[in-house]
Amino acid sequence: MFIENLRIDNFRNINKENLYFTNKINFIIGNNAQGKTNFVESIYFSAFLKSFRSNKNIDLINKNIDFFKINLKVVDNKVKNIIKIYFSKEKKYIEVNGKKPENYKYLNVVVFYPDEVNCISNFPSFRRNLIDKSIFYINYNYINIYRKYLRCLKQRNIFLKKNSKDEDYWKNQLINYGSEIIRERIKYISKINNIFNGDFFKKTNSENYTLKYSNNYIEETVEDQLTEEFSRKETRERQLGYTLAGPHKDDILFYLDDQPVESFASQGQKRSLVISYKTAQILDYKCVQGHYPVLILDDMTSELDTHRKNVLLENLLENSGQVFITSTDINQTNSFADSKVFRVANGSISSVD
Ligand SMILES: Nc1ncnc2c1ncn2[C@@H]1O[C@H](COP(=O)(O)OP(=O)(O)O)[C@@H](O)[C@H]1O
Ligand SMILES: [Mg+2]
């Protein structure tokens, strides 16, 4: 899958652009605060309809104007899809090939950005989200289960607050959907661990990564384990008025050589872990979907510096399709064949050829 053409209107500081990309490596070069991240953010937004660095989509509209538009031509297994996105306070729409899509799944993007390294160490919600998003990509039904789970959670919390017996019905629904979510996560974690332990990582990586599900769930007995956890916490839940058990509270832990990453790994090791996770995710994605997702590597200046030594990054690039790399240093682009370079200055983007 790759983006052939992108047209942007009024997205953050980018006013009007019409760009054609290579299906290999696209470098986005420019000084700080010129719009490099804004540019890749527009690509990420086109995939997820939200940003990776802001919870408020309103922030993405250019501050002098009241709407933004993104139009893309995405080639997916030789089929070309035309995607049109319009966003304003009053009106949002998305169109694929002239129609409103039922399920929007026409562009898959994997992103790596520097802040992720800290988020992964510090926030369980970020770790859950990372795994959940990876599963959404290869199992579209997962998002439906997830939405149903969240709906039940909201209902149960309402009844818990009212101290009503009816919360029992919602608890059973939560156990149903929650078990499905946990089972999918266990399966995914086990696939990623197999990739971490497989030949691909063995030949390049001296470090040993493992993911573990916090509650020691076992695939075959998840339902019973979750039921038990709910009964253990129910008295407290009634006092507090909200749900304390379930996949929205679980954690997924990263280990480096059997030590928990948060408290043990150095900054560099954490970064390697995140890059390795993304590589494993992409390898699995390719295996399931038969093609590569679009990869965004934001702010890779320091990484590219050590490119020759950075086996992990090299591995990732060898196992990707279309890539967008932002960096402040144009000299870093020399060693890559099949690449196209774009310069960003004050929100304007131009191809350097
Ligand atoms: N909604 C917006 N409207 C106009 N400019 C914006 C908006 N949001 C951010 N900017 C500007 O974008 C610039 C930062 O762009 P960014 O892509 O983060 O830079 P970098 O090239 O360092 O990645 C800043 O100058 C900021 O003021
Ligand atoms: Mg940036």
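# A first look at this protein chain

Lys-92 sits in strand S6, which covers residues 92–96. That is one spot in a predicted model, so let's zoom out before coming back to it. Overall, the protein chain has 11 helices and 14 strands, and a ligand, ligand 1, has 14 residues around it.

**The whole chain**

- The C-alpha trace of the protein chain measures about 70 × 55 × 35 Å along its principal axes.
- A compact globule of 353 residues would have a radius of gyration near 20 Å, and the 22 Å of the protein chain agrees with that.
- Buried residues account for 36% of the 353 residues in the protein chain.
- Take the contacts between residues at least 6 apart in sequence: 71% of them join residues at least 24 apart.

**Around ligand 1**

- Of the 14 residues that surround ligand 1, the closest are Arg-12, Asn-13, Lys-36, Thr-37 and Asn-38.
- Sorted by class, the shell around ligand 1 comes to 8 polar, 4 charged and 2 nonpolar residues.
- Three names on that closest list, Lys-36, Thr-37 and Asn-38, turn up again among the buried residues of helix H1.

**Helix H1 and what follows it**

- Helix H1 runs over residues 36–48, and its 13 residues should span 18 Å at 1.5 Å a residue; the end C-alpha atoms are 19 Å apart, which agrees.
- H1 is largely enclosed by the rest of the structure, because 12 of its 13 residues are buried.
- Those buried residues include Phe-39, Val-40, Ile-43, Tyr-44 and Phe-45, along with Glu-41 and Ser-42.
- Right after H1 comes Leu-49, with a positive phi of about 60 degrees; that is a positive value in a residue other than glycine.
- Leu-49 belongs to the loop between H1 and S4, and it counts as partly exposed because it has 13 C-beta neighbours inside 10 Å.

**Helix H2 and its cover**

- Helix H2 takes in residues 115–122, and its buried residues are Glu-116, Val-117 and Ile-120.
- These three cover an arc of only 105 degrees around the axis, so they are on the same side of H2.
- An α-helix has 3.6 residues a turn, so residues three or four places apart point the same way.
- Asp-115, Asn-118 and Asn-122 are exposed on the other side of H2.
- The cover over the buried residues of H2 includes two strands, S7 (109–112) and S9 (252–256), and two helices, H3 (124–138) and H9 (267–289).

**Helix H9**

- H9, one of the elements covering H2, has 23 residues that should span 33 Å at 1.5 Å a residue, and its end C-alpha atoms are indeed 33 Å apart.
- Just after H9 there is Gly-290, whose phi is positive at about 80 degrees.

**Two lysines, both exposed**

- Back to Lys-92: it counts as exposed because it has 12 C-beta neighbours inside 10 Å.
- Leaving out neighbours within four places in sequence, Lys-92 is in contact with Tyr-86 and Phe-87.
- The C-alpha atoms of Lys-92 and Lys-69 are 9.8 Å apart, with their positions 23 residues apart along the chain.
- Lys-78 is in the loop between strand S4 (67–76) and strand S5 (79–88).
- With 5 C-beta neighbours inside 10 Å, Lys-78 counts as exposed.
- The phi of Lys-78 is near 70 degrees, which is a positive value in a residue other than glycine.
- C-alpha to C-alpha, Lys-78 is 10.0 Å from Phe-2, although the two are 76 residues apart in sequence.

**A buried loop residue**

- Asn-108 lies in the loop between S6 and S7, and is it buried or exposed? With 20 C-beta neighbours inside 10 Å, Asn-108 counts as buried.
- Not counting residues up to four places away in sequence, Asn-108 touches Met-1, Ala-47, Tyr-137, Pro-293 and Val-294.
- One of those partners, Ala-47, is itself a buried residue of H1.
- Asn-108 and Tyr-292 are 184 residues apart along the chain, yet their C-alpha atoms are separated by 8.6 Å.

Technical notes
Residues numbered from 1 in each chain as written. Chains lettered and ligands numbered in written order. Predicted model: local features only at pLDDT ≥ 70, side-chain atom pairs only at ≥ 80, totals over all residues. Helix = DSSP H or I, 4+ residues; strand = E, 2+ residues; numbered from the N terminus. Rg over C-alpha atoms; globule rule 2.2 N^0.38 Å. Contact = placed C-beta atoms within 7 Å. Near = placed C-beta within 6 Å. Nonpolar A, V, L, I, M, F, W, Y, C, P; charged D, E, K, R; others polar. Arc of directions from axis to C-beta. Expected span 1.5 Å × (residues − 1).
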